[in-house]
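Please read the following report alongside the sequence and the coordinates. It goes from single residues to the chain as a whole.

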Amino acid sequence: RFLPNVIVANTLKLVPNSKVNVSREELAKMVAQGTKRLGELQHDDGGWGWWENDKTHPFMTAYVVNGLWEAARAGYEIDEQLLSKAEESLKSQVVAVKGDKTTRAYMNMVAAKMGLGDFKKPKTFDAKNKDPYELSLWAQAAHHAGYPVLAKSYLTDLLETKQSDGGLAHWGGKKFYYSWQEDKVETTASVVQAMLLINKDIPE
């Protein structure tokens, strides 16, 4: 629940007059509790796994690092040593990770957003044949890394894969390693996020 709490807290700060029945004080407590728990679960190498005592996992490390970075950006106090170890772990895993391509794309997106290391797209990369979820992550990574032309190129390819259903546009995965990456809502949300970052608006 840590990252959702951070996103809600950040949204409330961006829209201070929003009529949301959420206690900002209680939300701050939940974010603090989440940060403390993540510190307890952090592995010796600075990363995180799915469980407390399992191996460090690339996706979970990137997911937690992203949450900590967003919390810091929202103005919450994050232990510097906790975040520093996490960043170093993410940087080393971005270089070493193999296997699931979508995890690699997600890790590069988070690393690029935080300014960690050099952005490097895969050597063999056919954007037109990428699954939309993976490509949306690479588009965001390129944007964060300061490659606007490349980011817009990926976004153009993404828009060509749009699916229509009852007058509504959506994007859906086909074959992914994690089940939620097949979800139309998750994939469409990631594509929309890429649109907002790169174009600042959403085409009809």
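## Ser89 and its surroundings

In this predicted model, Ser89 belongs to helix H4, which covers residues 80–96. Its relative accessibility is 3%, under the 20% limit, and Ser89 therefore counts as buried. Apart from neighbours within four places in sequence, Ser89 is in contact with Asp45, Gly46, Gly47 and Thr61.

## Asp45 in the loop between H2 and H3

Asp45, one of the contacts of Ser89, is located in the loop that runs between helix H2 (24–41) and helix H3 (58–73). With a relative accessibility of 44%, Asp45 falls between the limits of 20% and 50% and so counts as partly exposed. When neighbours within four places in sequence are left aside, the residues in contact with Asp45 are Thr56, Lys85 and Ser89.

The contact with Thr56 includes a polar contact between the two side chains, at 2.9 Å. Asp45 and Leu90 are 45 residues apart along the chain, and their C-alpha atoms are separated by 9.9 Å.

## Aromatic pairs

Three aromatic pairs are present in the structure. In one of them, Trp50 and Phe59 are stacked, with a centre-to-centre distance of 6.2 Å and an angle of 20° between the planes; the pair counts as stacked because its planes are under 30 degrees apart. The two partners are covered to unlike extents, since Trp50 has a relative accessible area of 36% and is partly exposed, whereas Phe59, at 8% relative accessibility, counts as buried.

Phe59 also pairs with Tyr106, in a tilted arrangement with 5.1 Å from centre to centre and 40° between the planes. This pair links distant parts of the chain, given that Phe59 is in helix H3 and Tyr106 in helix H5 (residues 101–114), 47 residues apart. Both Phe59 and Tyr106 are buried. Taken together, ring pairs join Trp50, Phe59, Tyr63 and Tyr106 into a cluster.

## Helix H6 and its packing

Helix H6 consists of 13 residues (132–144), for which a rise of 1.5 Å a residue predicts a span of 18 Å; the end C-alpha atoms are 18 Å apart, so the expected and computed spans agree. Just after H6, Gly146 adopts a positive phi of about 90°.

H6 is mostly covered, with eleven of its 13 residues buried. The buried set comprises Pro132, Tyr133, Glu134, Leu135, Ser136, Leu137, Trp138, Ala139, Gln140, Ala141 and Ala142. These buried residues pack against H5, helix H7 (148–159) and helix H8 (184–198).

One residue on the H5 side can be followed in detail. Asn108 is found in helix H5 and, at 8% relative accessibility, counts as buried because this value is under 20%. Not counting residues up to four places away in sequence, Asn108 touches Val94, Lys120, Trp138 and Ala141; Trp138 and Ala141 are among the buried residues of H6.

## The nonpolar core

In soluble globular proteins, nonpolar side chains tend to be buried together. Here the largest nonpolar core holds 51 residues, and within it Trp48, Leu68, Leu90 and Val110 touch the most other members. The elements that contribute two or more residues to this core are helix H1 (2–14), H2, H3, H4, H5, H6, H7 and H8. H5 gives the most, with eight residues.

Leu68, one of the members with the most core contacts, touches Phe2, Thr35, Leu38, Trp48, Ile78, Leu82 and Leu83, when residues up to four places away in sequence are not counted. Trp48, another of the members that touch the most others, is thus listed both among the best-connected core residues and among the residues touched by Leu68.

## The chain as a whole

The protein chain contains eight helices and two strands, and from the N terminus on its elements follow the order α-α-α-α-α-α-α-β-β-α. Of its 204 residues, 44% count as buried. The accessible surface comes to about 12100 Å², and carbon and sulfur atoms account for 52% of this area.

Among contacts between residues at least 6 apart in sequence, 59% join residues at least 24 apart. The pair of Phe59 and Tyr106, which are 47 residues apart, is a local example of a link between distant parts of the chain.

Note on methods: Residues are numbered from 1 along each chain as its sequence is written. This is a predicted model: local features need pLDDT of at least 70, side-chain atom pairs count only at pLDDT 80 or more; totals for chains, interfaces and linings use all residues. Side-chain values use heavy atoms; hydrogens and water are left out. Helices (H or I, at least four residues) and strands (E, at least two) are DSSP runs, numbered from the N terminus. Buried means under 20% relative accessible area, exposed over 50%, partly exposed in between (1.4 Å probe, protein chains only). Contact means heavy atoms within 4.5 Å. A polar contact is a pair of N or O atoms within 3.5 Å; within protein, one must be able to donate a hydrogen and the other to accept it, and residues adjacent in sequence count only if both atoms are side-chain atoms. Rings of Phe, Tyr and Trp (its six-membered ring) pair if their centres lie within 6.5 Å; planes under 30 degrees apart count as stacked, over 60 as edge-to-face and the rest as tilted. The expected span of a helix is 1.5 Å times one less than its number of residues. Accessible areas come from the Shrake-Rupley method with a 1.4 Å probe; for residues, only the protein chains shown count as cover. A nonpolar core is a set of buried Ala, Val, Leu, Ile, Met, Phe, Trp, Tyr and Cys residues joined through side-chain atoms within 4.5 Å.
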